[in-house]
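User: Got a minute to walk through this model with me? I'll throw short questions at you.

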Amino acid sequence: MFCKIINGDIPCSKVYEDDKILAFHDINPQAPVHCLIVPKVHIASADGIDETNADVVAEVFMAAPIIAKKLGLTRGYRIITNIGEDGCQSVKHIHFHLVGGRQLSETMA
């Protein structure tokens, strides 16, 4: 599904885009601000990061502060990625949830 969004076949509410990543608002937000940051190159999950694609993942983390600032997240935010069935990964294309806009819970599970 994310490959289709990246290719423009499925519309999205774009927040940020450059040559390596696309960020857009999540259609099922879990916080007042919730966007997805998706590398344009297909990597199934964080388990698929290696020396050939680690630079793309680094780009995600370099863009995250830019995206957060654009979304007004001046007091902090969280970045999450899910891996595999037990990690609740629903789309088999690595993506990072950037969430914030309120005080987030300290618990993760």
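User: Is phenylalanine 96 buried or exposed?
Analyst: Buried. This is a predicted model, and in it phenylalanine 96 has 4% relative accessibility. The cut-off for buried is under 20%, so phenylalanine 96 counts as buried.

User: Which element holds phenylalanine 96?
Analyst: Strand β5, residues 96–100.

User: How many aromatic pairs are there?
Analyst: One. Phenylalanine 96 pairs with phenylalanine 61. The geometry is edge-to-face, with 5.4 Å centre to centre and 75 degrees between the planes.

User: Where in the chain do the two rings come from?
Analyst: From distant parts. Phenylalanine 61 sits in helix α2, residues 54–70, and phenylalanine 96 in β5. They are 35 residues apart.

User: What about the accessibility of phenylalanine 61?
Analyst: Phenylalanine 61 is partly exposed, at a relative accessible area of 43%. Phenylalanine 96, its partner, is buried.

User: Back to the strands. What is the strand order in the sheet?
Analyst: The order is β1-β2-β3-β5-β4. The sheet is open, has five strands, and its pairing is antiparallel.

User: Which strands are at the edges?
Analyst: β1, residues 14–17, and β4, residues 77–80. Each of them pairs on one side only.

User: What is the average twist?
Analyst: It averages 20 degrees from one strand to the next.

User: What holds strands together in general?
Analyst: Backbone hydrogen bonds, in either a parallel or an antiparallel arrangement.

User: Now β1 and β2. What joins β1 to β2?
Analyst: A hairpin, running through three residues. β2 covers residues 21–25 and pairs with β1 in the antiparallel sense over three bridges.

User: Which residues face each other there?
Analyst: Lysine 14 has phenylalanine 24 of β2 as its bridge partner. Glutamate 17 stands opposite leucine 22, also in β2.

User: What does leucine 22 stand opposite in β3?
Analyst: Valine 38. β2 and β3 pair over five bridges, in the antiparallel sense.

User: How many of the residues in β2 are buried?
Analyst: Four of its five, which leaves β2 mostly covered.

User: Switching to pockets. What volume does the largest pocket have?
Analyst: About 680 Å³. The lining has 31 residues, and the closest to the pocket centre are Asp26, Gln30, His34, Leu36 and His97.

User: Which elements give two or more residues to that lining?
Analyst: α1 (2–7), β2, β3 (33–39), β4 and β5.

User: Last topic, cysteines. How many disulfides does the model have?
Analyst: Zero. Cysteine 12 is in no disulfide, and the nearest cysteine sulfur to it, that of cysteine 35, is 11 Å away. A disulfide needs the two sulfurs within 2.5 Å, so cysteine 12 misses the cut-off.

User: What about cysteine 88?
Analyst: Cysteine 88 is in no disulfide either. Its nearest cysteine sulfur is also that of cysteine 35, 20 Å away.

User: Which accessibility class does each one fall in, cysteine 12 and cysteine 88?
Analyst: Cysteine 12 is partly exposed, with a relative accessible area of 30%. Cysteine 88 counts as exposed, at 56% relative accessibility. The cut-off for exposed is over 50%, so cysteine 88 falls in that class.

How values were computed: Residues numbered from 1 in each chain as written. Predicted model: local features only at pLDDT ≥ 70, side-chain atom pairs only at ≥ 80, totals over all residues. Heavy atoms only, no water. Buried < 20%, exposed > 50% of the residue type's maximum accessible area, 1.4 Å probe, protein only. Pairing = 2+ DSSP bridges. Axes fitted to C-alpha atoms, helices over the stretch in contact; angles between N-to-C directions. Phe/Tyr/Trp six-rings, centres within 6.5 Å; stacked < 30°, edge-to-face > 60°. 1 Å grid on protein atoms, 1.4 Å probe; cavity = no way out; pocket = protein on both sides within 12 Å on 5 of 7 lines; lining within 4 Å. Points joined across faces, edges and corners; volume = space filled by probe spheres on them.
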